[in-house]
Amino acid sequence: MLRSLALGAVCAAAAAALLLSRGLARWPGPEAASPHGSLFSKAELSRYSGGKGSPGLYLAVLGQVFDVGKGNKHYGPGGAYRFFAGRDASRAFVSGDFTDGGLVDDVSGLSPTEMLSLQDWLTFYKREYIYKGKSIEERLTKKQIWGEIVIRLLGRCEAISNTDLSDV
């Protein structure tokens, strides 16, 4: 119990130092490494379309971003599913509407059956491709930014507290 409290205090102090030293102005971009993945705005995610000069080939389902580079023949330029690349087009996975109006992340109004089908697609991408992070709104509120910071720090603290320090 005392060991857990001590680790918690050390972790909280480290978190406070990190927040004070970095500030919100230096919030990491999508390439920043994190055990929880990176955060991608729509504009950032659109860079990952697999085209010339693109840093990779990503798509998102229900806000979860995946590296689909190994499926380049399907998702890359000229591929049958190229319209999914560089965006979250969750609605199109179940609606079959591949127009600009259908290639959107808005799933409001979908039936329970359609939502279950979309969940199956998410399960497929989790199984077959590499998770890279989350698709986020262009403008995060300060509350959302602090929430992400806290989630990431708690994940790191949990990893530290699960470390066996008896040999140290």
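**Aromatic pairs and nonpolar cores**

Buried residues account for 32% of the 168 residues in the chain. The model is predicted. The chain contains 6 helices and 4 strands. Along the sequence, these elements follow the pattern α-β-α-β-β-α-α-α-β-α. Of the contacts with a separation of 6 or more, 61% join residues 24 or more positions apart. The chain exposes about 10,400 Å². Carbon and sulfur atoms supply 58% of that area.

Aromatic rings were examined next. A pair of aromatic rings is described by the distance of the centres and the angle of the planes. The structure holds 19 aromatic pairs. One of them joins F40 and Y58. Their ring centres lie 5.8 Å apart and their planes meet at 85°, so the pair is edge-to-face. F40 belongs to strand β1 (residues 38-40), and Y58 to strand β2 (residues 58-61). The pair therefore ties together parts that are 18 residues apart in sequence. Both F40 and Y58 are buried.

F84 and F98 form an aromatic pair that is edge-to-face, with 5.9 Å from centre to centre and 85° between the planes. F84 lies in the loop between α3 (72-75) and α4 (90-95), while F98 lies in the loop between α4 and α5 (112-128). This pair therefore ties together parts that are 14 residues apart in sequence. How buried or exposed are F84 and F98? F84 has 5% relative accessibility, so F84 counts as buried, being under 20%. F98 has 40% relative accessibility and counts as partly exposed, because this value falls between 20% and 50%.

F84 and F98 also belong to one aromatic cluster. Other members include F66, Y75, Y81, F83, F93 and W121. F124, Y125, Y129 and Y131 are part of this cluster too. At Y129, a charge joins the picture: the charged end of K70 sits over the ring, 5.3 Å from its centre.

In soluble globular proteins, nonpolar side chains tend to be buried together. Here, the largest nonpolar core has 19 residues. Within this core, L59, V61, V68, Y75, L118 and Y125 touch the most other members. β2, α4 and α5 each supply at least two residues of the core. Not counting residues up to four places away in sequence, Y75 touches L57, L59, V68, Y81, R82, A85, F124, Y125 and Y129. Apart from the largest core lies another, of 6 residues. Its members include F40, L45, Y48 and Y58. F40 and Y58 are thus found both in this core and in an edge-to-face pair.

How values were computed
Residues numbered from 1 in each chain as written. Predicted model: local features only at pLDDT ≥ 70, side-chain atom pairs only at ≥ 80, totals over all residues. Heavy atoms only, no water. Phe/Tyr/Trp six-rings, centres within 6.5 Å; stacked < 30°, edge-to-face > 60°. Buried < 20%, exposed > 50% of the residue type's maximum accessible area, 1.4 Å probe, protein only. Lys NZ or Arg CZ within 6 Å of the ring centre and 35° of its normal. Core = buried A, V, L, I, M, F, W, Y, C linked by side-chain atoms within 4.5 Å. Contact = heavy atoms within 4.5 Å. Areas by Shrake-Rupley, 256 points an atom, 1.4 Å probe, with all protein chains shown as cover.
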